[in-house]
Amino acid sequence: MQDILQIVVQAFLRMKKVKLKPSCMFVHQNVSDITAGEKNMEGRRQLLDTLDEMTKLAAKDEGNFDAEYFSDVINFDVRHDVKYFAQLWEGSPPMAPPNPNYCENIQELKKTIMSQASKSAGMKLTDLCKRTEDLWEASLNEQFVFSFRNSLEVSAYRRLETEYGIWKETLHSTMLEIHNEQQTNIENKSIHDLKRELNEKRKEVKKSMSEFFEKDTDKRILFKWKCLFECKIKKFYEQIMRELKYIT
């Protein structure tokens with residue numbers, strides 16, 4: 001569930017046009033101890049700390065410094081929005097009757113949801129349709145963030161893209177330097193020498209890539225994209241080699 005919520009938070013931080021602030025509740029089913037809510041307050045605080053941390057991470061990643069807590073993006077009260085439900089059946093199915101405590105839990109949840117809904121500002125049907133349309137369009141434009149499991153993956157991928165840009169620029173700038181040397185012919189290097197220089201730079205980039213994937217703090221997350229970016233760099237290198245052949 002927390003993977004899911006991280007991406008939802010990140011999406012709402014990006015979808016500013018929609019101007020929605022949703023709410024959420026956590027419902028734990030099949031809890032036999034009716035005092036679980038009181039006993040698990042420390043666990044609920046830990047849950048909130050986790051949600052706050054991932055919100056800060058998502059906000060930092062998006063350059064949004066207004067959101068410090070999970071409740072800044074999604075309404076959530078750790079004291080009232082975590083529910084514990086009893087088992088549905090009192091005994092072993094199929095002959096067991098419904099558990100009355102479960103029915104009471106459902107009624108309490110319904111009452112809480114209706115109470116929160118009554119506090120929200122009224123909205124006309126036309127406004128609801130327009131808001132739904134805005135949300136849908138914004139969601140379609142955010143396919144990038146929805147393709148990740150959580151905010152850690154988003155952050156790791158963006159770091160990888162930054163490094164990829166540096167690797168590309170290293171090869172490209174080397175190719176331009178070689179081109180300038182060929183144009184001025186100051187050192188009177190052969191095409192073979194120039195290509196060897198570019199190949200040496202490619203080896204440096206390859207070493208830098210290996211170190212990044214092996215030493216980054218999120219190397220386990222990054223591993224899934226290792227082959228993809230190695231292929232991208234390989235294709236880019238082949239492309240500038242063809243350009244070098246053309247301009248020389």
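**Helix α4, helix α3 and D81**

Author: In this predicted model, the exposed residues E104, K110, K111, M114 and S118 lie on the face of α4 turned away from its buried side.

Reader: Which residues of α4 are buried?

Author: Y102, N105, L109 and T112 are buried in α4. Buried here means under 20% relative accessible area. Cover for the buried residues of α4 comes from elements including β1 (26-28) and β2.

Reader: What puts those buried residues on the same side of α4?

Author: They cover an arc of only 85 degrees around the axis, so they sit on the same side of α4.

Reader: How do you know that the span of α4 agrees with its 20 residues?

Author: At 1.5 Å a residue, helix α4 (residues 100-119) should span 28 Å, and its end C-alpha atoms are 29 Å apart, which agrees.

Reader: What makes the link between N99 and N101 at the start of α4 a polar contact?

Author: A side-chain oxygen of N99 comes within 2.9 Å of the backbone nitrogen of N101. The cut-off for a pair of N or O atoms is 3.5 Å, so the distance qualifies.

Reader: Where is D81 found, and why is no salt bridge assigned to D81?

Author: D81 is in the loop between α3 (41-62) and β2 (82-84). D81 is buried, and the nearest side chain of opposite charge, K83, is 5.8 Å away. A salt bridge has to be within 4 Å, so K83 does not qualify.

Reader: What is D81 in contact with, leaving aside neighbours within four places in sequence?

Author: With those neighbours left aside, D81 is in contact with C24, M25, F26, N75, F76 and Q116.

How values were computed. Residues numbered from 1 in each chain as written. Predicted model: local features only at pLDDT ≥ 70, side-chain atom pairs only at ≥ 80, totals over all residues. Heavy atoms only, no water. Helix = DSSP H or I, 4+ residues; strand = E, 2+ residues; numbered from the N terminus. Buried < 20%, exposed > 50% of the residue type's maximum accessible area, 1.4 Å probe, protein only. Lys, Arg positive; Asp, Glu negative; His and termini not counted. Contact = heavy atoms within 4.5 Å. Expected span 1.5 Å × (residues − 1). Arc of directions from axis to C-beta. Polar contact = N/O pair within 3.5 Å; in protein donor to acceptor, adjacent residues only side chain to side chain.
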